[in-house]
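Welcome, and thanks for bringing your viewer along. Load the model, pick a cartoon view with side chains ready to switch on, and follow the stops below.

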Amino acid sequence: MVGSIVKTKAWSSVAVAGVCAMTTLIGPSVLQGQASAKKAPPARAAAAGAAAAGAAAKTAASAPVDSAAVVARLLATDERTALSRLTALRSLYLRKADWAELGDRCTPGALRVFPKDTTQAARDSVQAIAEAMEEIVVGRGAGSALPAADARALLRVVVGWEAGIDRPNWDMAGTAKPRQAIATGLTGEVPDPAGPGCLPSPTATDTVTFVIPGFADMDFPRAPRPRVKAYFGPEGQLHARDEFFVDVGSKDPKAELRYILVAPMVIWKGYAMVGVRRPQELGGVQVDGSNRGGAAYLFRQVGKEWRLISVVRSWGG
């Protein structure tokens, strides 16, 4: 029967031959060593056990280290340290800040100020805090893929703010009620000098053009005015110039192309840095080798909302 052992003389002969063969392979010296170990006195047995344990420990010590795991642990620790420092810098920055009273006419928004920093050294210190936060976010997040949903929501905030359609809220300490940021550039309402009312922004009827290299499309702000037009991808700037020349520049050589370039954008651990530039071009050449200004914005994510921590720097008009 298959799988059963049948005890026959033939089987016994094979078994004996097999045992002899195994004895030959093992060798008499090994067998004698085993016999000696059985007869060894307790002291020698203990010494032999200690030697065996030492050999085992030496073997364990020489085992290869998982370098990838060590590097991963070091990187995780380094990342936690950077995030803790970023959180501490934000808290310090907010503790130093206060608000300028701009009144409530024409919805001017709120302006974060630092009234206690009256000397140049103190102002430099506050600027250094903002730049240190920027450095951490950019240094840690540069080169990483942008989380799609978060990046699109942030882009929507920046475009709406730059176009004068809506504004972000300021980042606040604790559970303080958020305040709306001031308008960028000339995109906000202005008081009517002839009466108590407000006049719309000079750009309210314009088409605001954006060039956004890092995106293929976006969620456009919902507003009848101003109209937002965007060019996407690495060739977006070239497409904007070509279309402007065909539609406008070819008919009026003195016409200027004005647009807002949104780049770079870096997101790391719920913080973000966004840079914007506002070029002004004539015939495809930047006017005066300069532009209409730009800014670097630092944001923090609160739930699904991006709130403004700081305008780290701004320049131009």
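## Stop one: a strand with two partners

Select valine 211 and leucine 261: leucine 261, in β8, is the bridge partner of valine 211. Before going further, note that this is a predicted model, in which local features need pLDDT of at least 70, side-chain atom pairs count only at pLDDT 80 or more, and totals for chains, interfaces and linings use all residues. Residues are numbered from 1 along each chain as its sequence is written, and side-chain values use heavy atoms, leaving out hydrogens and water.

Now show β5 and β8 together; they run parallel and are joined by two bridges. (Two strands pair if DSSP finds at least two bridges between them; strands are DSSP runs of E with at least two residues, helices are runs of H or I with at least four, and both are numbered from the N terminus.) Add β9, which pairs with β8 in the antiparallel sense over six bridges. Here leucine 261 stands opposite arginine 277. Zoom in on the turn: β8 and β9 form a hairpin with two residues between them, and lysine 269 in the turn has a positive phi of about 50 degrees.

Is β8 mostly covered or mostly open? Mostly covered: seven of its nine residues are buried, meaning under 20% relative accessible area with a 1.4 Å probe, protein chains only.

## Stop two: the largest nonpolar core

Next, select Leu154, Leu155, Phe210, Ile212, Val262 and Phe299, which touch the most other members of the 32-residue largest nonpolar core. Such a core is a set of buried Ala, Val, Leu, Ile, Met, Phe, Trp, Tyr and Cys residues joined through side-chain atoms within 4.5 Å. Elements that each supply at least two of its residues include α6 (148-163), β5 (207-212) and β8 (260-268). The largest share, eight residues, comes from α6.

Centre on isoleucine 212. Leaving aside neighbours within four places in sequence, its contacts (heavy atoms within 4.5 Å) include Leu155, Val159, Met218, Phe232 and Val262. A second, separate core has 21 residues, among them Ala130, Val137, Tyr271 and Val312.

## Stop three: rings

Finally, select Trp161, Tyr297 and Phe299, a cluster linked by ring pairs. Rings of Phe, Tyr and Trp (its six-membered ring) pair if their centres lie within 6.5 Å; planes over 60 degrees apart count as edge-to-face, under 30 as stacked and the rest as tilted. The count comes to five aromatic pairs. Tyrosine 297 and phenylalanine 299 form an edge-to-face one, 6.3 Å centre to centre with 80 degrees between the planes, and both residues are buried.

How values were computed
Buried means under 20% relative accessible area, exposed over 50%, partly exposed in between (1.4 Å probe, protein chains only).
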